[in-house]
Amino acid sequence: GDVWDRWWVLPLAPFGKRQTVMHEVVKGQVWSLEQKFGALYVHVPIRMTIVKLDDGLLVYGPIAPTQQTLDLVRGLEEEHGAVKHIVLATAAIEHKTLAGPFARKFPKAELWTVPNQYSFPFGFDNFGLLGLTQLYWFLNPKPLPPTAEEAPWAGQMSHAILGPLKSKGGEAPGLYEECVMLHKASKTLLATDVVQAVDPVIPEVLTSDVRPLVFHARDDVAALETDTEQARKEGWERIQLFALFFQPGGVDIVPWGDALPQMATSQMKDLGWNGLFPFAWRPKTGPHPPGKSHYSDSIAKLDSVRGVFCPPVLQKLIFDREPE
């Protein structure tokens, strides 16, 4: 059911095992299917959304087409009609490497992508050449039109394309581009990366293996942590901070020259990584360097937003490229 045999294309955890969890977001209209992915136990959900249109289903942000995933989608097809459209709404590698394999499972559906793609992992010089993009061979993907008025879902959904924003004016490989969509009937906004939210509830897809949560609940490599609800909560909070900031203000990254010898002091090698834990979280009582604080202060500030926001890592690494 949850085996994913193309994990080697982008070797991120959980590699060849991708459990899928489905939720009905809007009854009879919108569903989300989640898997998880990440590195060094910073595991977060990766979500696919399915929307019911008048003539079938639209898939936004395809995930790994494991047998479990396919069974869930086939179940929706039986009740609501066939998959008609598959939308790769981003140029991000972690999403684009899944779009081709997913689309091959639904050969009658049309594959749509944001217009500016680049090949992975064979090179970065074919911007816009969708037919040559890695894993899209013979799929004839179509570039998303600038507005929904030119798309087959006109009247039911609207969309807007943000970007492309290219690294160093196009001199460096890669780019950011994202299509956000609005399902009018359910008033559901579909986005990939441009908006996020901090959720105190640990996603169901992360609860089948709690090792990452306990792993990140530790303050340093020598700490001993037990699997408790509080430990899982703290681990999930810290994972969210890593995902949003890469290097949160409440943690010091231990240099590899120190982190590797410190592996011998770990009391929790059973969690994996042979004891590697290159992080040191600051104590609540301090002292803290200027501009730094305990990680809980960051969580409190994010909680105060009370809604969705543009993740800081996207603001600084992407949008600062072309602030206008």
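In what order do the 3 strands of the open sheet stand, and is their pairing parallel or antiparallel? The order is 8-9-10, and the pairing is antiparallel. Everything described here, this sheet included, belongs to a predicted model, and the sheet is a convenient place from which to begin reading it.

Strand 8 (157-166) and strand 10 (188-190) occupy the edges of this sheet, and because each has a single partner strand, one side of each is left without a neighbour in the sheet. Direction ignored, neighbouring strands here are turned by 15 degrees against each other on average. Strand 9 (residues 175-183) pairs with strand 10 in the antiparallel sense over 3 bridges, and one of the details to look for is Leu182, whose bridge partner in strand 10 is Leu189. Strand 8 holds a feature of its own, since Pro164 is found in it and the peptide bond from Gly163 to Pro164 is cis, with omega near 10 degrees. In the loop between strand 9 and strand 10 lies Lys187, a residue other than glycine that nevertheless has a positive phi, near 55 degrees; Lys187 is exposed, with a relative accessible area of 72%.

From this sheet the view can widen to the whole chain. The protein chain has 7 helices and 12 strands, and of its 324 residues 50% count as buried. Among the contacts in the chain with a separation of 6 or more, 63% are made by residues 24 or more positions apart.

Another open sheet, of 7 strands, has the order 1-2-3-4-5-6-7 and mixed pairing. Its edges are strand 1 and strand 7 (142-143), each with a single partner strand, so one side of each is left without a neighbour in the sheet. In general, the strands of a sheet pair through backbone hydrogen bonds, either parallel or antiparallel. Strand 2 and strand 3 run antiparallel and are joined by 10 bridges, and Trp31 stands opposite Ile50 in strand 3. The loop between strand 2 (30-39) and strand 3 contains Leu40, which has a phi near 45 degrees, a positive value in a residue other than glycine. Leu40 is buried, with a relative accessible area of 17%, whereas Lys187, described above with its positive phi, is exposed. Ahead of the sheet in sequence, in the segment before strand 1 (21-26), lies Pro14, and the peptide bond leading to Pro14 from Ala13 is cis, with omega near 0 degrees.

Strand 5 of this sheet includes His85, a residue worth following through the model. His85 is buried, with a relative accessible area of 5%, and its side chain is joined to that of Trp112 by a polar contact of 3.3 Å. Leaving aside neighbours within four places in sequence, the residues in contact with His85 are Leu53, Leu57, Leu58, Val59, Ala109, Glu110, Trp112, Pro152 and Trp153.

Helix 2 is also set against this sheet, for it lies across strand 2, strand 3, strand 4, strand 5 and strand 6, running at about 160 degrees to strand 5. How many of the 12 residues of helix 2 are buried? The count is 9 of the 12 residues of helix 2 (residues 93-104), so this helix is largely enclosed by the rest of the structure. The buried residues are His95, Lys96, Thr97, Leu98, Ala99, Gly100, Pro101, Phe102 and Ala103. What covers them includes strand 3 (42-53), strand 4 (56-60), helix 1 (67-80), strand 5 (83-88) and strand 6 (110-113).

The last stop is a pair of helices later in the sequence. Helix 4 (residues 229-245) and helix 6 (residues 295-305) pack with their axes 10 Å apart, at an angle of about 75 degrees, which means that helix 4 is roughly perpendicular to helix 6. On the side of helix 4, the contact is made by Glu234, Glu237, Arg238, Leu241, Leu244 and Phe245, which meet Tyr295, Ser298, Ile299 and Leu302 in helix 6. The residues of this contact divide into 6 nonpolar, 1 polar and 3 charged.

Definitions and conventions:
Residues numbered from 1 in each chain as written. Predicted model: local features only at pLDDT ≥ 70, side-chain atom pairs only at ≥ 80, totals over all residues. Heavy atoms only, no water. Axes fitted to C-alpha atoms, helices over the stretch in contact; angles between N-to-C directions. Helix = DSSP H or I, 4+ residues; strand = E, 2+ residues; numbered from the N terminus. Parallel < 35°, antiparallel > 145°, perpendicular 65-115°, else oblique. Contact = heavy atoms within 4.5 Å. Nonpolar A, V, L, I, M, F, W, Y, C, P; charged D, E, K, R; others polar. Buried < 20%, exposed > 50% of the residue type's maximum accessible area, 1.4 Å probe, protein only. Pairing = 2+ DSSP bridges. Polar contact = N/O pair within 3.5 Å; in protein donor to acceptor, adjacent residues only side chain to side chain.
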